[in-house]
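Notebook open, model loaded. I'm jotting down what I look up as I go.

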Amino acid sequence: MRVLHTSFECYPLAKVGGLGDVVGSLPKYLNQLGCTADVVIPYHDTNHNKEQHHKTIFSGIVHLGNVNYNFSVKILQSTELLGFQVFLVDIPKLLHRSNVYGYSDDTERFVSFQLAILEWLLSYDQKPDIIHCHDHHTGLLPFLVSQAYKYKELSNIPTVLTIHNAQYQGQFSYEKLNYLPEFDIQHIGLLDWDKCINPLAAGIKCAWKVNTVSPGYMKELQNQANGLEGLLAHENNKCVGILNGIDHSIWNPETDPMVIKNYTIDTLISGRAANKEWICTRFNLDVKKPLFAFIGRMVYEKGADLLPDIARIALEHNDINILILGSGNPEVETQLLQLKDFFHGRYNTFIGYDEKLSHIIYAGADFLLMPSRVEPCGLNQMYALRYGLIPIVRKIGGLKDTIIDIKDGGFGICHENATIQEVCDAITRGVALYADQKYYKEIQKKIMKIDNSWNTSAKKYLEEYEFLNQLK
């Protein structure tokens with residue numbers, strides 16, 4: 001069976017968040033199960049892409065209304081380490097950018113990318129048995145495959161839509177309807193949601209199967225999906241939650257090349273101590289104090305706006321260190337930077353994205369803070385478990401599916417709501433746990449044995465693919 005994953009991100013070629021990690025791992029595990037899983041993403045103008053060898057296998061033209069764009073499809077020639085084949089859609093005038101998102105013409109970029117994929121597939125002699133779409137950036141593909149006259153020969157290919165985050169839907173005005181190839185106008189309702197063309201809604205309506213990245217998130221979307229609650233309830237019969245996994249070959253403290261010192265369950269004390277010492281030296285923190293860390297985008301969904309007050313109150317009431325890594329809301333960034341003036345030697349922050357530093361923090365911090373308002377799955381808590389880093393999480397989405405509170409016989413610290421007080425109370429619980437070093441180390445060894453790899457989840461995806469193929 002041949003599966004084509006379509007996405008705007010794929011680690012390590014392009015990553016903004018969890019989407020990149022998932023698309024950079026799931027295909028490899030599917031291939032290990034005997035599937036042929038490939039990935040197609042845009043050719044982003046990044047250093048990583050410039051360092052790779054590519055071969056152009058197709059050239060064509062994308063029509064957006066009256067404007068034509070030349071494009072090519074390149075194949076990445078060195079894919080041994082990835083474990084799957086990668087195709088790159090290069091539309092120089094639209095996709096050849098240094099950032100993945102954040103441009104005024106993002107609608108044109110997303111639509112052109114999807115049209116280019118279909119133009120290529122029309123002539124490609126190894127057509128996929130399944131087209132797997134990830135988030136709204138490829139949410140129009142199920143509609144285009146099933147409704148556009150131009151792509152009729154692809155209409156029998158089952159489509160799967162994975163919702164990584166329903167807060168982002170890619171809506172755009174009907175003034176840009178002419179971007180799409182001709183279709184039966186009587187079916188225009190498949191595109192519509194709240195009087196806009198909504199790619200995510202269109203994908204939910206037209207895909208053969210829809211899944212979220214955790215069972216908990218699928219349940220939550222029935223009540224809170226940024227306006228799509230009714231649609232998801234209506235399409236419930238084809239919806240399922242499949243928990244994400246992590247790539248244990250990358251996220252492995254024993255072999256991770258990014259950490260300061262590698263370690264196993266048997267050597268975690270010395271290994272984690274070496275990584276913590278490096279962190280504390282680099283960021284002027286006290287290695288003897290418990291280190292609480294946050295890693296992620298500084299956005300509302302992650303509860304980042306709460307971090308300045310959480311850090312201030314927690315530091316005033318506890319003898320701890322706090323380190324924050326991430327970027328996003330400029331106001332939050334400024335407040336976090338200002339805290340450095342008040343808590344010298346106990347607090348620091350790194351504004352930006354640093355993959356290597358994140359790995360070292362997983363390997364050296366003592367507790368990971370995830371006060372999320374929305375967390376479709378969450379990968380950070382799984383990375384933390386793999387490295388013996390105890391998560392402090394809100395009971396939401398995938399966090400609720402993966403972390404059990406110590407009080408309930410589990411291995412993490414959970415709180416019900418994303419509030420300053422509840423997170424600070426959870427930190428206080430962490431301080432008490434850290435004081436009992438024997439029990440603390442027992443928990444660390446326990447969580448390092450938990451298997452959150454893609455093995456189980458990849459099998460579930462393969463089962464869904466096989467079922468859809470029988471429906472053709």
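**Entry 1: Ser7**

Which backbone oxygen does the side chain of Ser7 reach? I looked, and it is the backbone oxygen of Glu9, at 2.7 Å. A reminder to myself that this is a predicted model. Ser7 sits in the loop between β1 and α1. I checked its exposure as well: Ser7 has 0% relative accessibility, so I put it down as buried. Then I listed its contacts, skipping neighbours within four places in sequence: Leu19, Val23, Val40, Ile41, Pro42, Phe113, His134 and Thr138.

**Entry 2: the cis bond**

I stayed in that loop for Pro12, which is also found between β1 (2–6) and α1 (18–23). The peptide bond from Tyr11 to Pro12 is cis, and I read omega near 10°. My reminder for this entry is that most peptide bonds are trans.

Tyr11 and Pro12 came up again when I turned to pockets. Both are among the residues nearest the centre of the second largest pocket, together with Leu81, Leu82 and Ile250. I noted a lining of 20 residues for that pocket and a volume of about 460 Å³. By class, the lining divides into nine nonpolar, seven polar and four charged residues.

**Entry 3: positive phi**

Next I went after backbone oddities. Most residues other than glycine have a negative phi. I wrote down two that go the other way.

Asp135 has phi near 65°, a positive value, and is not a glycine. Asp135 lies in the loop between β6 (130–134) and α5. Lys195 also has a positive phi, about 65°, without being a glycine. Lys195 is in the loop between β8 and β9.

Buried or exposed: which is Asp135? Asp135 has 7% relative accessibility, so I count it as buried. Lys195, on the other hand, has a relative accessible area of 74%, so I have it as exposed.

**Entry 4: helix α6**

How many of the eight residues of helix α6 are buried? Eight of the eight, so this helix (residues 199–206) is largely enclosed by the rest of the structure. I wrote the buried residues out: Pro199, Leu200, Ala201, Ala202, Gly203, Ile204, Lys205 and Cys206. Lys205 is on that buried list too.

What do they pack against? I get α5 (141–147), β7 (159–163), β8 (192–193), β9 (196–197), β10 (209–212) and α8 (229–234). I also checked the N-terminal end of α6, and Asn198 caps it. A side-chain oxygen of Asn198 lies 3.1 Å from the backbone nitrogen of Leu200.

**Entry 5: cavities**

How many cavities of 30 Å³ or more does the structure hold? I count three. The largest has a volume of about 80 Å³. It is lined by 13 residues, with Asp21, Ser25, Asp247, Trp251 and Tyr383 closest to its centre. I sorted that lining by class and got seven nonpolar, three polar and three charged residues.

The second largest cavity has about 40 Å³ of space. Its lining is Thr107, Phe110, Val111, Gln114, His136, Leu140, Gly170, Phe172 and Pro199. Pro199 takes me back to α6, where it is one of the buried residues. Helix α4 (residues 106–123) gives the largest share of this lining, four residues. The class split here is five nonpolar, four polar and no charged.

**Entry 6: cysteines**

Last job: how many disulfides does a search of the whole structure find? Zero. I wanted reasons, so I took two cysteines in turn, keeping in mind that a disulfide needs the sulfur atoms within 2.5 Å.

Why does Cys10 have no bond? The closest cysteine sulfur, in Cys35, is 15 Å from the sulfur of Cys10, which is too far for a bond. Cys10 is buried, at a relative accessible area of 0%.

I did the same for Cys377. The closest cysteine sulfur is in Cys414, and at 15 Å from the sulfur of Cys377 it is too far for a bond. Cys377 is buried as well, with a relative accessible area of 2%.

How values were computed: Residues are numbered from 1 along each chain as its sequence is written. This is a predicted model: local features need pLDDT of at least 70, side-chain atom pairs count only at pLDDT 80 or more; totals for chains, interfaces and linings use all residues. Side-chain values use heavy atoms; hydrogens and water are left out. On a 1 Å grid over the protein atoms alone, a cavity is a set of points where a 1.4 Å probe fits but cannot get out, and a pocket is an open set with protein on both sides within 12 Å along at least five of seven lines; lining residues have an atom within 4 Å of a point. Grid points are joined across faces, edges and corners, and a volume is the space filled by probe spheres set on the points. Ala, Val, Leu, Ile, Met, Phe, Trp, Tyr, Cys and Pro count as nonpolar, Asp, Glu, Lys and Arg as charged, and the others, Gly among them, as polar. Buried means under 20% relative accessible area, exposed over 50%, partly exposed in between (1.4 Å probe, protein chains only). Helices (H or I, at least four residues) and strands (E, at least two) are DSSP runs, numbered from the N terminus. Contact means heavy atoms within 4.5 Å. A polar contact is a pair of N or O atoms within 3.5 Å; within protein, one must be able to donate a hydrogen and the other to accept it, and residues adjacent in sequence count only if both atoms are side-chain atoms.
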